[in-house]
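Okay, everyone, thanks for coming. Let me put the structure up and walk you through a few spots I liked.

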Amino acid sequence: MISYIGCTTKEIPVSDNMEITLEDNTLALDDVVVIGYGTARKSDLTGSMTQVGSDRLKDKVTARLSTALQGEMSGVQVTRSNGDPSQSATIRVRGVTTISTNDPLVIIDGVPARSIDDVSTEDVESIQVLKDAASASIYGSRAAAGVILITTKRAKTNEFSLSYNMEYGIDTPTAMPKFGNAVEWMTGLNELKYNDGASSLYSAYTQEFIENYAQMHQADPDSYPDTNWMGYLKSSKHHQKHTIGLTGGTEKLKTNLSLSYYDTEALYEGKDYQKLNVRVNNDYQINNWIHANVDFNVVYSRTNTPFGANEYTALEGFTRRAPIYAAYWSDGSLADAKDGDNQLAALKYGGGTKGDNYILNSKFQLDVTPFKGLTISAVIAPNKAFYKGKTFRTKYKVRRLNGDMIYGTGFGSTDLTETRNDNYSLTKQFFANYKLRLDHHSFSAMAGYEDYTYSYENESAQRNDYSLNNFPYLDLGSSDKQYNSGGAGHNAYRSVFGRIMYSYADRYLLQANVRSDGSSRFAKGHRWGTFPSVSAGWVISEEPWFKKGTLSYLKLRASIGKLGNERIGSEFPYQALLTFGTTYLPNSTGGVDALQSASQIQYAFNDITWETTTTYGAGADLAFFSDRLRFSFDYYYKKTTDMLLEIGFPSYFGYNSPVNNVADMHTRGWDVELSWRDHIGDFSYGANFNISDYRSKMGYMADKQVISDNKLTEEGSYYNEWYGYRNLGIILNEAAMTDADGTPIAVLTKNDGPGNIRYADINEDGNITASGDRVRLGNSMPELMYGGSLWASWKDFDFNLSFQGIGHQLAYIKSSWVNAYEYQTTSIPELLVNNHWSPYNTDEQNAQMKYPKLTSNTANTLAMSDFYLFNGAYMRIKNITLGYTIPAVITSKFKVKKLRVYFSASDLPAFSNYPKGYDPEYGSGDYLLSSYVFGFNISL
């Protein structure tokens, strides 16, 4: 009889050289799960949590653990905005809880962590996400946005192995925009000038010049350029990842060591990224009642990032360049493009930023078990992070067509800025767990204390006008042009907490938590907050009268609890802010003295305190067909009160508007998880699916409107609701400038005419104004977020497919996607070519056009309105993996325990309504990438 946690028990006959494969049992896998400051059987839990194991993460192709979680768990929203491997994804647990910080608390092996990405994907044993107050309130003041518990891998007794994993991948953009060529660009500029009042459709370029341009370009490309700037980006790049693992141990000492290295480049010259992660977990069994853990994790990463020309980022520099400017002359030398504004020259000669990040996390834990059932634990965990940056902008020259040499735009001098940032945290914990089981009664209790301090310091030094371009050191710069700055901060909290869990006959469940936190962010008398929760469960399937058949398991859960948030702005929001400067005063000799001055710039309320979130939840867990089919459902309601909001303040006081605990909001939502697993002989297969949804709406806002990035937050609105004009379509012709009764239509600007967008006159005053006609346009947050996977294995073959998507989201076509001819020098997106209202077209043709006319009057055509809103739903295949494990009868001849080879494709282009060339997840920076990977795993 063979059994193991997480697997189905199997009875097999004994033979020599046995190799036994146990099948996963998801219900059993959850037998023991990590909860705050301890462990528990999942069957005893009454709160809402979700988890993912290492088996679901092993095929993820990513340098960041945060991105590996996308689509894996219900109620956990993971959002990326670019493909930069040094950037973390944004994680939201059950939506938005506050107008301040919504990042969940990350706990790694029991210790609060700086970032989820401090852990390598290969080091993860399991990840639990605590989603409601019943499960998360044990973390009190930092748990309002959810808690992510990460457990890293540890060695097992008498199991020794050495493993090596390698992957090599080719990465290609999921989507890339295209832009018009020189002829299309000139034709469009002629239109723009005509629309803006020119008398001819050929005021900038003659018809003959445009018609002959392609031929002239062939004969003389220097004088008649036609540059595809996007063509200078690489069509693909590569990455590689190597992981070495060494694990083993005896009854007294167990060690798990892992080392992973990741290396990649970018789609353009000059950018690369490397990351090294080393983790060592040690377990010491000193005697039968004393156990110790000593863990270290070291992370080092380096990023090289080049400058873009004219203050653009690297990729913006390619998308913004007009095709009529040359990148290279025909002799191969770099051209000046537009008066020195050559992106390729900036990448090659303009210098950039080299950033080195060092992180050291450590944990020392001592567990004492004086008698059965009681474990007393002491933990101390110092963590240190340090960043060293060197930004070296170097001057260079490019050649004009006439042979003159000029400096690149923004690169007329060589300047150096050095940056040093470091932070330090120290966590101290002391807690005790007691467990007792008597007949049908199961009881556990936990009580503890935690102390946390955090401090940071940063400094920057700069010198300008270097004579040399190849010595980036401060002492070589001009001492007449040197600058420096710096800052520091700190915060701390202390906490006491406890938990009681009771179970009768594994049928009736009760759990209560309480935590009191004191935070340095608040003034004396307002620092402490207490956050309780209580939850209950009823396992109906354990009732004597319940007959198990198709339905094999049924548990109902309900909870209520209170959580806090002390991450609400500055280090000391209750303190008035001072600004320091320099004042020049006349002295007795007739000269002027420079004196340091200080003045108060912001009023502060001394009684600022915690934001508080009260959560109500109910759920059910079901299993069917001998636990092969599992279903879980949760519904929740969260209300956050005392949110910090900037309030109105008389301007004659001379202070900036202060903040106070005046606002509230609420969130309603639900989560569903569904899974199936089975086997037919040697063929095992399974599937899982999750979907969740929420709505966050604002309550009392003290009559305050917050408008930012075309979004509105006010009482009664969705959080960050789209805000703008209602559109009535494109004005087709002059006849459409008046209504049927001859009344002139309301316009936004005096220049509005045919080809512009018509907007609704909401207040019917005959004018379109921001104050009178902008309205709420709908929820900007994603809705119906889902993910899932299909997997199968047959003998030595394995297959996995995972997907992720959003069922509905009001998305906005960004102005940069449809903004052409800025300063009459930038590119025209292909979206607009032959797809905009044009004076060349008939009314019938213009009625079919999607976008308004080309004009410099962008106050109309680019105004925020529902004209540019659309359903941004999408679905993406996150990963497809096919693997083959070489039979043991072959590998054992070479002293190899296991050798698996695999091919995978990750982050394939999405299915969506987005315009061609644009990825639904892309925001800014490096493009999102699809990865095509070959790899192998070998264990000795």
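So, Phe 870 is buried, at a relative accessible area of 14%. One thing to keep in mind as we go: this is a predicted model. Tyr 914 is buried too, and its relative accessible area is 14%. These two rings make an aromatic pair, and the geometry is edge-to-face, with 4.9 Å from centre to centre and 80° between the planes. Where do Phe 870 and Tyr 914 sit in the chain? Phe 870 is in strand S40, residues 869-871, while Tyr 914 is in the loop between strand S43 (911-912) and strand S44 (929-939), so the pair ties together parts that are 44 residues apart in sequence. How many aromatic pairs does the structure hold? The count is 46. There's also a cluster worth clicking on: Trp 185, Tyr 205, Phe 209, Tyr 213, Tyr 224 and Tyr 821 form one aromatic cluster.

Okay, zooming out. The chain has 13 helices and 44 strands. Its radius of gyration is 32 Å, and the globule rule gives 30 Å for 940 residues, which is close, so the chain is as compact as a globular protein of that length. If you want box dimensions, the C-alpha trace spans about 95 × 75 × 75 Å along its principal axes. Of the 940 residues, 50% count as buried. As for the outside, the chain exposes about 42,700 Å², and 54% of that comes from carbon and sulfur atoms. And on contacts: take those between residues at least 6 apart in sequence, and 69% of them join residues at least 24 apart.

Now some strands. Strands of a sheet pair through backbone hydrogen bonds, in either a parallel or an antiparallel way. Strand S37, residues 783-794, runs antiparallel to strand S38, residues 797-808, and 11 bridges join them. To find your way on the screen, Glu 783 has His 808 in S38 as its bridge partner. The S37 and S38 hairpin has 2 residues between the strands, and Lys 795 in that hairpin takes a positive phi near 50°. S38 also pairs with strand S41, residues 874-885, again in the antiparallel sense, over 10 bridges. There, Asn 800 stands opposite Thr 881 in S41.

Next, a little open sheet. Four strands are in it, in the order S31-S32-S33-S36, with antiparallel pairing. Strand S31 (706-708) and strand S36 (775-778) are at the edges with a single partner strand each, so one side of each has no neighbour in the sheet. On average, neighbouring strands here are turned by 40° against each other, ignoring direction. S31 and strand S32, residues 711-713, pair over 3 bridges, and Ile 707 has Leu 712 in S32 as its bridge partner.

Last stop: two backbone oddities. Ala 337 isn't a glycine, yet its phi is positive, near 55°. You'll find Ala 337 in the loop between helix H7 (314-320) and helix H8 (343-349). Asp 439 isn't a glycine either, and has a positive phi of about 50°. Asp 439 belongs to the loop between strand S19 (415-438) and strand S20 (441-463).

So is Ala 337 buried or exposed? Ala 337 is buried, with a relative accessible area of 10%. Asp 439, on the other hand, is exposed, and its relative accessible area is 72%. Okay, that's my tour, thanks!

Key
Residues numbered from 1 in each chain as written. Predicted model: local features only at pLDDT ≥ 70, side-chain atom pairs only at ≥ 80, totals over all residues. Heavy atoms only, no water. Pairing = 2+ DSSP bridges. Axes fitted to C-alpha atoms, helices over the stretch in contact; angles between N-to-C directions. Buried < 20%, exposed > 50% of the residue type's maximum accessible area, 1.4 Å probe, protein only. Rg over C-alpha atoms; globule rule 2.2 N^0.38 Å. Contact = heavy atoms within 4.5 Å. Areas by Shrake-Rupley, 256 points an atom, 1.4 Å probe, with all protein chains shown as cover. Phe/Tyr/Trp six-rings, centres within 6.5 Å; stacked < 30°, edge-to-face > 60°.
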